Amino acid sequence: VALKRRPRSSLTLARAIMGRQEANPNKTAKAVADKKAHKQYLWDQRKKATSGKDFLFKYGLGIIGAVVACGCVFSGYTMVRGIIPTIALDNPDQLKKVFFGGDPWLLHCMNVNSTMSPFFERAAKKASVDGLVKYGVIDCGGKLPSNKTFFQRFKVPAVNFTKTPVGFLFANGGGPEKVPDKVFGDAAKLSAWAEKHSKPKVTEVSWSSTFQKLCVHRDACVMLHTKSKYQPVPWLKDAMMEHRGVPFVSVNRKLHKTSFDDKVKVPRKDDVPKLAVMQRSKKKTEGSKEGKAASPEMEYTLTPYRGEWAKKDVETFLREVITKGVKSKDATVLEDEPWYDTPPKGYMNKKTKESADQNKQYREQRRRQQQQQQQS
């Protein structure tokens, strides 16, 4: 006979569960509390580790971005400063190349007490990409090899460039041209001004001082003798670009005269000038009595152009005479230093000088005859 199991009451069931829990050590209140505390400890440790990673991720990207941005700015600054050289005052070769080489140079006056204009830096950066003008800095208050300052050497008014930015443009063998103050405050205007004023041009000689500066005191100059004010033909600019370091000047023969008018004829047509190249070189002189070498004197050679007024012929002539130094059969060495408009004091032309020499010889011969008669 199957016996039916007597159902337990709820009180009995609760007592049975309590007995089982007391029998299992992992289910005691202390064990449960320790386990809960351990879980909380692990959670706190994980939270701390996660918060550190979140901080590094959140602020690390910002720091990296700042470093990269600073690097880019520094690289750009270094690149701009790298394309702006400093013209050394104790380097005569570099000074001669910048001042008289013919290539366009825009110089910013600077020293240890001044800072570079930001507009100058921007213009230099732009010119390094698509410009022909070179940018540089120079200490205009320092001493050049001639023991003169920049202002004294080129006879320009001295300016306090430590307070106001000052710049000068050298181009095509000409003297320095001061940058206008209103242009220096805008990078685009400064760049446009430099490009415009650096283009080669023909300078009309109206004064003796201009002729002295561009021809007498230069190693070479190209003269265009005309009957009126000359307008250069377009193709002549290519020849001027090839010989940037050589000044091109025009001489109006109706208004001015030179010491070599007999060697360069007056042109027949107004639009076809007579071209001639004048070159300066050192001639050797005898030393002094003490055996020391005398200071070298200059001699001037005039080479007129006899060919057709055509681009190819003129460019070939200038290349042969100026670049290669070929002596033409038409070249003439001038007896004296050339002058413009007004001859120097005591100047005598060839005919007058021959007459003066004859008179001197006659007086010397006469004096000797008188001495011989007195002795006899």
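**Buried faces and a six-stranded sheet**

Buried residues make up 30% of the 376 residues in the chain of this predicted model.

Colleague: How many helices and strands does the chain have?

Modeller: The structure holds both kinds of element. The count for the chain is 11 helices and 10 strands.

Colleague: Which residues of helix H7 are buried, and why are they on the same side of H7?

Modeller: H7 spans residues 187-197, and its buried residues are Ala187, Leu190, Ser191, Trp193 and Ala194. They are on the same side of H7 because they cover an arc around the axis of only 165°.

Colleague: Which exposed residues does the face of H7 turned away from its buried side carry?

Modeller: Exposed means over 50% relative accessible area. On the face turned away from the buried side of H7, the residues that meet this are Ala188, Lys189 and Lys196.

Colleague: At the start of H7, which backbone nitrogen does a side-chain oxygen of aspartate 186 reach?

Modeller: The side-chain oxygen of aspartate 186 comes to within 2.9 Å of its partner. That partner is the backbone nitrogen of alanine 188.

Colleague: Why do the buried residues of H3 line one face of the helix?

Modeller: The buried residues of H3 (residues 92-100) are Leu95, Val98 and Phe99. Seen down the axis of H3, they line one face because they fall within an arc of 90°.

Colleague: What covers the buried residues of H3, and which residues are exposed on the other side?

Modeller: The cover of the buried residues includes S1, S2, helix H5 (150-154) and S3. On the other side of H3, the exposed residues are Asp93, Lys96 and Lys97.

Colleague: In the open sheet of six strands, which are the edge strands?

Modeller: The order in the sheet is S5-S7-S6-S8-S9-S10, with mixed pairing. An edge strand pairs on one side only. The strands that do so are S5 (202-204) and S10 (332-333).

Colleague: How many bridges join strand S8 to strand S9?

Modeller: S8 covers residues 274-283 and S9 residues 297-304, and the two run antiparallel. Alanine 276 stands opposite proline 304 in S9. The number of bridges joining S8 to S9 is eight.

Colleague: What angle does the direction of helix H10 make with that of S8?

Modeller: Helix H10 (residues 311-323) packs on the sheet and touches S6, S7, S8 and S9. Its direction makes an angle with that of S8 of about 5°.

Conventions
Residues are numbered from 1 along each chain as its sequence is written. This is a predicted model: local features need pLDDT of at least 70, side-chain atom pairs count only at pLDDT 80 or more; totals for chains, interfaces and linings use all residues. Side-chain values use heavy atoms; hydrogens and water are left out. Helices (H or I, at least four residues) and strands (E, at least two) are DSSP runs, numbered from the N terminus. Buried means under 20% relative accessible area, exposed over 50%, partly exposed in between (1.4 Å probe, protein chains only). The arc is that of the directions from the helix axis to the C-beta atoms. A polar contact is a pair of N or O atoms within 3.5 Å; within protein, one must be able to donate a hydrogen and the other to accept it, and residues adjacent in sequence count only if both atoms are side-chain atoms. Two strands pair if DSSP finds at least two bridges between them. Contact means heavy atoms within 4.5 Å. Axes are lines fitted to C-alpha atoms, for helices over the stretch in contact, and angles run from 0 to 180 degrees between N-to-C directions.
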